[in-house]
Amino acid sequence: FLPQVDSANAGRVLASDAAVFLKKSGLTDLVLGKIWDLADTDGKGILNKQEFFVALRLVACAQNGLDVSLSSLNLPVPPPRFTDTGSPLLLSGTASSDLPWAVKLEDKVKYDAIFDSLNPVNGLLSGDKVKPVLLNSKLPVDILGRVWELSDIDRDGMLDRDEFAVAMFLVYCALEKEPVPMSLPAALVPPSKRKPLSVPGAMPLIPSSTSTKESHQSLPSVGILAAKTPLTQ
């Protein structure tokens, strides 16, 4: 990321250059201001390489629902994502439609078995049928509310097979003390629900709309669900 904001190759980043770059993270100005204050340790309005690295780590923390604080720097988070399709480097060459789904095949089989056992109607489960399964996890009600909001991707008040798998994935994340994200990460959106992105380069900068911000969020942690047993009813 550094060469893109340090075009003069001076080994430092000015506040004005960093502000333009960091805004592409989709985070609010309030959060970005806090990130800058923590990274710019001597208050000179310039970041050296190490301080710029700290800023990027804090962006990644914020995108994954972690606290923006120096204590979060040691937590494992994926690289930050920035909404600039004009630069393949920023998106690591992966459009969200090409991302592998975070729900592993072996876990999906377990989630599908639970889904089928709840007697779906026309391939859908109502909130009333899903609620006991969520409550069975003993997670706080506010967390379960967010799990439902994130998994009901088409906002129809029902969960289909893929949406139910997202809900189960998020429940297990929360049980593993992983933070439940504020918006659904791109890798967690089921392939059946993904909208194709425009061709990279066709638009130099994606407008910072809510849907764009959500589609470029990063995933907290994948791979923690292997060998988990399904929730008992």
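1. Start with residues 27-62: in this predicted model, the C-alpha atoms at the two ends of that span sit 8 Å apart. Helix makes up 69% of the span and strand 8%.

2. Now look at residues 139-174. The end C-alpha atoms are 8 Å apart here, and the chain is 69% helix and 6% strand. Where do these two spans come from? Both 27-62 and 139-174 are covered by the annotation "domain: EF-hand" in an unreviewed UniProt entry.

3. Next, the pairing of helix H7 (residues 141-151) with helix H8 (residues 161-175). Their axes are 9 Å apart and the packing angle is about 150°. Angles over 145 degrees count as roughly antiparallel, so that is how H7 and H8 run relative to each other. The crossing is right-handed.

4. Who does the touching? On the H7 side, Ile143, Leu144, Val147, Leu150 and Ser151 make the contact; H8 brings Glu163, Val166, Ala167, Leu170, Val171 and Ala174. Sorted by type, the residues of this H7-H8 contact come out as nine nonpolar, one polar and one charged.

5. H7 also packs with helix H6 (residues 127-135), at an angle of about 135° and with the axes 11 Å apart. H6 is therefore oblique to H7. The H6-H7 crossing is right-handed.

6. Which residues meet there? From H6 it's Gly127, Val130, Leu134 and Leu135, and from H7 it's Leu144, Val147 and Trp148. The tally for the H6-H7 contact is six nonpolar, one polar and no charged. Worth a look in the viewer: Leu144 and Val147 of H7 are in the contact with H8 and also in the one with H6.

Note on methods: Residues are numbered from 1 along each chain as its sequence is written. This is a predicted model: local features need pLDDT of at least 70, side-chain atom pairs count only at pLDDT 80 or more; totals for chains, interfaces and linings use all residues. Side-chain values use heavy atoms; hydrogens and water are left out. Axes are lines fitted to C-alpha atoms, for helices over the stretch in contact, and angles run from 0 to 180 degrees between N-to-C directions. Helices (H or I, at least four residues) and strands (E, at least two) are DSSP runs, numbered from the N terminus. Angles under 35 degrees count as roughly parallel, over 145 as roughly antiparallel, 65 to 115 as roughly perpendicular and the rest as oblique. A crossing is left-handed if the near helix is turned anticlockwise from the far one by less than a right angle, and right-handed if clockwise. Contact means heavy atoms within 4.5 Å. Ala, Val, Leu, Ile, Met, Phe, Trp, Tyr, Cys and Pro count as nonpolar, Asp, Glu, Lys and Arg as charged, and the others, Gly among them, as polar. UniProt positions are given in the numbering used here, feature names are shortened, and annotations may be inferred rather than shown by experiment.
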